[in-house]
Amino acid sequence: MNNHVKCVLLAGAAWGVLAGAAVAQDGEAAAQRTSANPSAATVDDIVVTARRRDEQLKDVPVAVSAISGERLEQTGATDITALQQQTPNATVQIARGSNSTLISFIRGVGQQDPLWGFEPGVGLYIDDVYVARPQGAVLDIFDIQRIEVLRGPQGTLYGRNTIGGAIKYVTKRLGQDPSLTARAEVGSYNEHNFLLSGSVPVGDTFAVGAAIASYQHDGYGKNLNTGQDQYDKDVTAYRASAEWTPNDSLFFRLAWDRVEDNSSPRHGHREVTSTDGLWHPPAGKYDTYAGIEGEQKVVTDGVSLTGEYRVNDWLTLKSISAYRSGDTKTVIDFDQTPAATLDVPAIYSDNQFTQELQALFTGDRWSGVAGLFYLDGTSSGAFDTIAGNLGLSIAASGSVDTKSFSAFADFSYNVTDRLHVSLGGRYTQDKKDASVLRLFYLGATRSPFTGGVDRPIFATRTNYKASDTFEKFTPRASISYDFSDEITGYASVGQGFKSGGWDMRGDAALVPQTVNGYKPETVTTYELGLKGSAFERRLNFASAVFYSDYKDQQITTQQVATAPAVGIASVVDNAGASTIYGFELEGSAFLTNDISANFSLGYLKNEFDKFITLVTGSPVDISDTRKPQNSPEWSAYYGMTWRGDILGGEIRVTPSLSYRSSYHLFDAPDPILDQKGYVLADASVVWIAPSKRWEVGLFGRNLTDVRYKVGGYSFPGATYNNSISGFYGPPTTYSARLTYRF
């Protein structure tokens, strides 16, 4: 691994002297190299919409990774969690106890808890449509143009809940030529994936398209108690769209998508022997002894209408209207034993309507965007905590209605041909109405909320309604300078905020202050960046150093009591403040005309400045005993692609390594659950027929079969039978893929 990290460092070592020297550029040679190795396109070739308008990656004063759909397919990526390997300082994972719920952290900022009422810290966008809830958000890779990962707070152009950054999933436009893609993939664990997508023009101005994809494989492990698969996959995804371009000034796109996840419930691996001594960790990391049974099903739907009107050469108007909904039924066994010591059946439901209006401006020396955004959404749910050792079922139920309005603008001006300044801001107002209900029922079985027998309430622990309005202005400013035609440097400062709210698990009898809710949190980031190309565009890079001030951090901790009160509940407070700093380097290099490399390197230092707890009855700062979660100090990626000719067609061979140093799954360090550093080795071989219509691919992932944790639960002690469990990333897998394109 050290040799590969050195390769990355050597590839980027030149950037420190590039700012003071103009580098000659051979456009024709670069174009030939890009054509030969499309996975290593230059920064001049990549167009992104990080600032809500089309710009070359080199000209954007934002730390943004742009990974093309072709590159993701060529490396065998199946869903957007592959971003974690190729993007510096990013955690993109499937949530614990889930198959399709997304957990994202960028530069150490995110939200691990997907419970309704909690807001994600990294915004997810599908074709500029904001996806408010993480359920069903582990999007599969098909029919996409690119994915953009915007690092650092994006509070000006993307608004609320983008304090860590934003992930933009950009699908392909249909075009005016008929197209068809058919794909079949088989692999280990009885993997069999199928994709059929296509589009057809209807006349000169109208086109329709559709896609269906099925992803299935058997479990990596077994439930040794019930015999059910563990870590299997059964997902079907649908898309349909229609595009109308009546003239050069107008464009309309109607799009629909649906994801159905029928995978088996995912339970964790018991990491320690139970208190009663009856249950030991299973030999297989993907195995469990979980006893709870029930349905696991996630369905999400979305429809959007986008319209663009090019008024004249300097003004374009854009409207994005969308509606999304989702429903989840799941069961999680926290204790990982057949006994109902800590079993949780849960039901989630959400819906949202969003409307965004944009005005995009382009002048001789200036450009910008201004707009309005509105969201009307509801998120609700119910779950039981079946606590067998206490003889109780603890039912939690509630909802949060959110109406959000914001106005934003961001403008850039070319002071000279090389000096550019940008200034923007956003005003956001979130109005929230919440209801929280928490009840005790005698008997360690499901409550009436999740399908159990109707019976009298033993105790009402929480029952309140609350409302509040959260307002914030988040500015952004940057200055950039073109040191040459190939090298651009920038300095920026930006801010983001995440709304306040109420803890849907809050137990007012155990923690009375829960009814007061928690305030918003904010992140202010200062950043210096340098990006461009060198050595006749053989080396293309983007780099950044950053410093973030994270205030009023919303932190969830667990409270467990047996006397004089009995119960288990979470506490959410604005308990923390952190200082976060680091650097990032990523890019591509044309080593020869037939060999290219992609690389990334991230360094992240994330430390609590304060961590206030009320466990002792009065405020106490315990920051010296806490460590931020999902914040590995080092992350790196290095992949090489060799292109050659064989059997009249083109072959591409891509081995790669990715590295993450040690990290914590919880703010309280835990030697049982903390993950040590690890390296993942992947490889792919893709052959493209002379006609370009047929493609054969062979893929191997996690070739050294590393076991690494991506999530966990910790309920130690005798009351909950020492329930400490871990969830693991995929083992070694192999697959073969056949694709036909027309």
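## Strand pairing and ring contacts in a predicted model

Val92 has Ser104, in strand 5, as its bridge partner. The model that holds this pair is predicted, so local features are given only where pLDDT is at least 70 and side-chain atom pairs only at pLDDT 80 or more, whereas totals for chains, interfaces and linings use all residues. Residues are numbered from 1 along each chain as its sequence is written, and side-chain values use heavy atoms, with hydrogens and water left out.

**The sheet of strands 4, 5 and 6**

Strands, here, are DSSP runs of E with at least two residues, and helices are runs of H or I with at least four, numbered from the N terminus; two strands pair if DSSP finds at least two bridges between them. Strand 4 and strand 5 belong to an open sheet of 3 strands in the order 4-5-6, in which the pairing is antiparallel. Strand 4 (90–94) and strand 6 (109–110) stand at its edges with a single partner strand each, so one side of each has no neighbour in the sheet. Besides Val92, strand 4 offers Thr91, whose bridge partner in strand 5 is Phe105.

Strand 4 is mostly covered, since 5 of its 5 residues are buried, where buried means under 20% relative accessible area, exposed means over 50%, and partly exposed lies in between (1.4 Å probe, protein chains only). In a regular strand the side chains alternate between the two faces of the sheet. In strand 4, Ala90, Val92 and Ile94 point one way, while Thr91 and Gln93 point the other way, and all are buried.

**A mixed sheet and the joined strands**

Another open sheet has 5 strands in the order 3-9-10-7-8, with mixed pairing. Its edge strands are strand 3 (63–68) and strand 8 (129–131), each of which pairs on one side only. Neighbouring strands of this sheet are turned by 20° against each other on average, direction ignored, with axes taken as lines fitted to C-alpha atoms (for helices over the stretch in contact) and angles running from 0 to 180 degrees between N-to-C directions.

The table lists antiparallel strand pairs with their bridges.

| Strands joined | Bridges |
|---|---|
| strand 3 and strand 9 (residues 144–151) | 6 bridges |
| strand 4 and strand 5 (residues 102–106) | 5 bridges |
| strand 22 (residues 366–387) and strand 23 (residues 392–414) | 22 bridges |
| strand 23 and strand 24 (residues 419–442) | 23 bridges |

Single residues can be placed in these pairs: Ser68 has Arg146 in strand 9 as its bridge partner, Ala387 stands opposite Leu392 in strand 23, and the partner of Ser397 in strand 24 is Leu437. Strand 22 and strand 23 form a hairpin with 4 residues between the strands, where Gly391 takes a positive phi near 70°; strand 23 and strand 24 likewise form a hairpin with 4 residues between them.

**Positive phi outside glycine**

Most residues other than glycine have a negative phi. Tyr189, however, has a positive phi near 60°; this residue lies in the loop between strand 11 (179–187) and strand 12 (191–202) and is partly exposed at 30% relative accessibility. Lys692, which is not a glycine either, has a positive phi of about 70°, sits in the loop between strand 34 (678–688) and strand 35 (694–701), and is exposed with a relative accessible area of 54%.

**Rings and charges**

The structure holds 29 aromatic pairs, counted where rings of Phe, Tyr and Trp (its six-membered ring) have centres within 6.5 Å, with planes under 30 degrees apart called stacked, over 60 edge-to-face and the rest tilted. One of them joins Phe118 and Tyr518, whose ring centres are 6.4 Å apart with planes at 55°, so the pair is tilted. Phe118 lies in the loop between strand 6 and strand 7 (122–126) and Tyr518 in the loop between strand 26 (487–498) and strand 27 (521–534), so their pair ties together parts that are 400 residues apart in sequence. Phe118 is buried at 4% relative accessible area, and Tyr518 is buried at 7%. Phe334 and Phe715 form a stacked pair, 5.5 Å centre to centre with 25° between the planes, and both residues are buried.

Ring pairs also link Tyr189, Tyr220, Tyr231, Tyr286 and Tyr728 into a cluster. A charge sits over a ring if NZ of Lys or CZ of Arg is within 6 Å of the ring centre and within 35 degrees of the ring normal; the charged end of Arg107 is placed in this way over Phe546, 3.9 Å from the ring centre, and Arg660 lies over the face of Tyr663 at 5.2 Å.
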